[in-house]
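Me: I would like a close look at one part of this model. Please start with the helix that lies across a sheet, then work outwards from there.

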Amino acid sequence: MSSESYRLGEIAEALGAELRGNEDTRISGIATLQAAQPGQLSFLANPAYARYLADTRASAVILAPAMADQATGDVLVLDNPYLGYARLSHWFDPAPVPAPGIHPSAVIAAGVAIPDSASIGPLAVLEEGVEIGEQVVVGAGCVVGARCRIGAGSVLKPRAVLAHDVILGRRCHILSGAVIGSDGFGFANDKGVWNRIAQIGRVVLGDDVEVGANTTIDRGALEDTVIGNGVKLDNLVQIAHNVRIGDHSAMASMVGIAGSTKVGRHCVFGGAAGIAGHLEIADQVHLTGMTMVSGNIDEPGVYSSGTNADKNRQWRKNAVRFRQLDDMARRLRELEKKLEG
């Protein structure tokens, strides 16, 4: 935990919050309503947790205006308490901050210029033609392929890999095990034999992109694979070659997008959603978990597929009935014709 503490008035000013209480209250951490101790700040974003508000030991709570009168202690009033928590979380983040400099074990190709503000960790490899922006962090064991460009303030956690010619915008955050720019799944079949197709496009990430642990983004076959500004990809996401994802979309773990599909802006895909190739998905499309998309989606909205878990006996009955739907529909049409006659 951070050893820093802050005046509540200082926090309110930074968040743009209305302070109801003592501006000199000291805050040294952040916690849930249930776990908070004196000296810590909490928040209420989900009404389901309102029952913990009365008994919380937090020194102050971030609340929406509609809930502010229900607190008995100091309150910071914000329209979006969860956003306030998100911003404040960085004040108390215990993650070590790498010092600027180049570790002696790093392997850096001749001619690669490293700004004094950048940090290059142990056993990192930077190949020829790499360009590194100010305050970039390349963690231990990372590989940055030839001619990659990494924008200012971007962070590569240990063992992240960028293949050749990958472009990262500013303030990107690439977690451990991510592989960006590996070859796409491209093969031509000749009489039952698969022949590899060279993948000669790039991967281009905009600003403020987050790529989770062990997520893979394949390079384009001919044109680039493009990830827009502010896109957030969870762990274990697969983005195939030539995919384009619009600005500020977010995808949970195990999402898979097949090649050449275009995803709009501000889309949200739940865990394990699968999207077939060569499709177009409109802006502001929300896919619930495990949704399978096999055709274009032209309108914004929430889309789902599949069935929820049920007791096995009931699920088996439903599976049988599902197979009978076509026959039942045909018999219903025949019955309607007889009644009309």
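Reply: Start with helix H1, residues 8-15. In this predicted model, H1 lies across four strands: E2, E5 (40-43), E6 (60-63) and E7. Against E7, the helix runs at about 10°.

Now the sheet under discussion. Five strands make up an open sheet, and their order is E2-E7-E6-E5-E4. The pairing is mixed. Strand E2 (18-20) and strand E4 (29-30) are the edge strands. Each has a single partner strand, so one side of each has no neighbour in the sheet.

Take the E2 edge in detail. E2 pairs with strand E7, residues 74-77, in the antiparallel sense. Three bridges hold that pairing in the count. Opposite Glu18 you will find Val77 of E7. In a regular strand, side chains alternate between the two faces of the sheet.

Next, the loop between E5 and E6. Asp55 sits in that loop. Is Asp55 buried or exposed? Asp55 has a relative accessible area of 65%, so it counts as exposed; the cut-off is over 50%. For a sense of distance, take Asp55 and Val237. They are 182 residues apart along the chain, and their C-alpha atoms are separated by 40 Å.

Moving on, there is a second sheet. Ten strands form this open sheet, with parallel pairing. Read the order as E9-E11-E14-E17-E20-E25-E28-E31-E34-E37. Strand E9 (107-108) stands at one edge and strand E37 (292-293) at the other. Each has a single partner strand, so one side of each is left without a neighbour in the sheet.

Follow three strands of that order, E17-E20-E25. Strand E17 covers residues 161-162, and strand E20 covers residues 179-182. The two run parallel and are joined by two bridges. Val161 faces its opposite residue, Val179, in E20. Leu162 stands opposite Ile180, also in E20. Ile180 has a bridge partner in E25 as well: Ile217. E20 and E25 pair in the parallel sense, over three bridges. Ile180 therefore links the description of both pairings, with Leu162 opposite it in one and Ile217 as partner in the other, where two strands pair if at least two bridges are found between them.

Just past E25 comes a loop. Arg219 lies there, between strand E25 (216-218) and strand E26 (225-227). Its relative accessibility is 0%, so Arg219 counts as buried. The cut-off for buried is under 20%. Arg219 and Val243 are 24 residues apart in sequence. In space, C-alpha to C-alpha, Arg219 and Val243 are 9.1 Å apart.

Two other loops deserve a look for their backbone angles. Most residues other than glycine have a negative phi. Leu123 is not a glycine, yet its phi is positive, about 65°. Leu123 lies in the loop between E10 and strand E11 (125-126). Leu123 is exposed, at 59% relative accessible area. Arg147 also has a positive phi, near 65°. Arg147 is in the loop between strand E14 (143-144) and strand E15 (149-150). With a relative accessible area of 42%, Arg147 is partly exposed.

A hairpin supplies another positive phi. Strand E21 (residues 187-190) and strand E22 (residues 193-196) run antiparallel, joined by four bridges. Phe187 stands opposite Arg196 in E22. Two residues lie between the strands of this hairpin. Lys191, in the turn, has a positive phi of about 55°.

Last, the open space. The largest pocket has a volume of about 650 Å³. Its lining has 31 residues; the closest to the pocket centre are Pro96, Pro98, Val137, Val155 and Lys157. Which elements give two or more residues to the lining? They are strand E10 (119-120), strand E13 (137-138) and strand E16 (155-156). By type, the lining residues divide into 16 nonpolar, nine polar and six charged.

Notes. Residues numbered from 1 in each chain as written. Predicted model: local features only at pLDDT ≥ 70, side-chain atom pairs only at ≥ 80, totals over all residues. Heavy atoms only, no water. 1 Å grid on protein atoms, 1.4 Å probe; cavity = no way out; pocket = protein on both sides within 12 Å on 5 of 7 lines; lining within 4 Å. Points joined across faces, edges and corners; volume = space filled by probe spheres on them. Nonpolar A, V, L, I, M, F, W, Y, C, P; charged D, E, K, R; others polar. Contact = heavy atoms within 4.5 Å. Axes fitted to C-alpha atoms, helices over the stretch in contact; angles between N-to-C directions. Buried < 20%, exposed > 50% of the residue type's maximum accessible area, 1.4 Å probe, protein only.
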